[in-house]
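I opened the notebook to look up how the chains meet, and then how one pair of helices packs. The entries follow in the order of looking.

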Amino acid sequence: MKPAQLKAELKFAAKKIYYPRVVEYIRANLEPEFHDLALASVIFYLPDQILSLPTKEERRQAIDSIPRDAYPAHSRDMVEAGVKILWKRR
Amino acid sequence: MTFAKDLSTGNAAEDRILEKLQAAFPLAYRMLGMHPDFDIWIPELAKSVEVKLDLMSQKTGNIVVEYYHNKASALTVSKADYWVFDTGEELLWFSREGILDCILSEGMEPVRIAGPSDRFAKWAFLIPLRILQRYSVSERAAQP
């Protein structure tokens, strides 16, 4: 898979916002050999999408939809930290 | 450069950073073997440090922040409180949040890098040194 194609798929996946849907998109649209790479990459695209949600409750729900044992290990922490960083920058 | 030489050069960089840290924190020590969580532990602060040697940054002007190398790696697995990049000319200190702040706030996109000694391509962010410096520990501390 070409990097540009992967990035395009990551952006589509991140637009699903809620983690189970994100994972579902990745599994449905990428070859299995790219699933781990996509999961490791999508955490950098999710914070911006989650921040676009209109309410704090929805943003919290989106973060909480990431399991503590998601792959890679720090996925949830990274996304939460990312949302807070972007929030402060607004 | 071979993997063995890469490893040896990386270890030497970690030793140099450790020596500097031990001047202020004598109990600091380097983790031995393959230790993905962090490279140096500072008991006096209960803080950990990840050391990255990036000599190519002198030529390219970019720092490589790896996050996937056939499996999640570096940024996505390290538990280090601080990251220090040794460019060969200077040491740049960052918190993990500082690096993440740079990637997100600057809209960095991942790239695939295949080094001559790499069996698998790496996925990383190539961050211009002059941009990354704005997110260093000292620069962030100076922000209001």
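Before anything else I fixed the term: a salt bridge is a side-chain nitrogen of Lys or Arg within 4 Å of a carboxyl oxygen of Asp or Glu. I also noted that this is a predicted model.

Entry 1, salt bridges. I looked up the count between chain B and chain A and found two salt bridges. One of the pairs I checked is D101(B) with R89(A), where the closest N and O atoms are 2.8 Å apart. That pair counts as a salt bridge because 2.8 Å falls within the 4 Å limit.

Entry 2, the side of chain B that touches chain A. I found that strand 4 (62-68), helix 3 (96-105) and strand 8 (122-128) of chain B each give two or more residues to this side. Helix 3 of chain B supplies the largest share, seven residues. By class, I noted twelve nonpolar, four polar and seven charged residues on this side of chain B.

Entry 3, extent of the interface. I read off 23 residues of chain B in contact with 22 residues of chain A. The area buried between the two chains is about 2000 Å², with 68% from carbon and sulfur atoms. I also noted eight residue pairs in polar contact across the interface of chain B and chain A, both residues at pLDDT 80 or more.

Entry 4, a helix pair in chain A. How do helix 5 and helix 6 of chain A pack, and at what angle? I found about 155 degrees between helix 5 (residues 56-64) and helix 6 (residues 75-89), with their axes 9 Å apart. The angle therefore makes helix 5 of chain A roughly antiparallel to helix 6 of chain A. Helix 5 of chain A makes the contact through R59(A), R60(A), I63(A) and D64(A), and helix 6 of chain A through R76(A), E80(A), V83(A) and W87(A). I sorted the residues of this contact into three nonpolar, no polar and five charged.

How values were computed
Residues are numbered from 1 along each chain as its sequence is written. Chains are lettered from A and ligands numbered from 1 in the order in which they are written. This is a predicted model: local features need pLDDT of at least 70, side-chain atom pairs count only at pLDDT 80 or more; totals for chains, interfaces and linings use all residues. Side-chain values use heavy atoms; hydrogens and water are left out. Contact means heavy atoms within 4.5 Å. Buried area is the accessible area (1.4 Å probe) that two parts lose on being put together, summed over both. A polar contact is a pair of N or O atoms within 3.5 Å; within protein, one must be able to donate a hydrogen and the other to accept it, and residues adjacent in sequence count only if both atoms are side-chain atoms. Ala, Val, Leu, Ile, Met, Phe, Trp, Tyr, Cys and Pro count as nonpolar, Asp, Glu, Lys and Arg as charged, and the others, Gly among them, as polar. Axes are lines fitted to C-alpha atoms, for helices over the stretch in contact, and angles run from 0 to 180 degrees between N-to-C directions. Angles under 35 degrees count as roughly parallel, over 145 as roughly antiparallel, 65 to 115 as roughly perpendicular and the rest as oblique.
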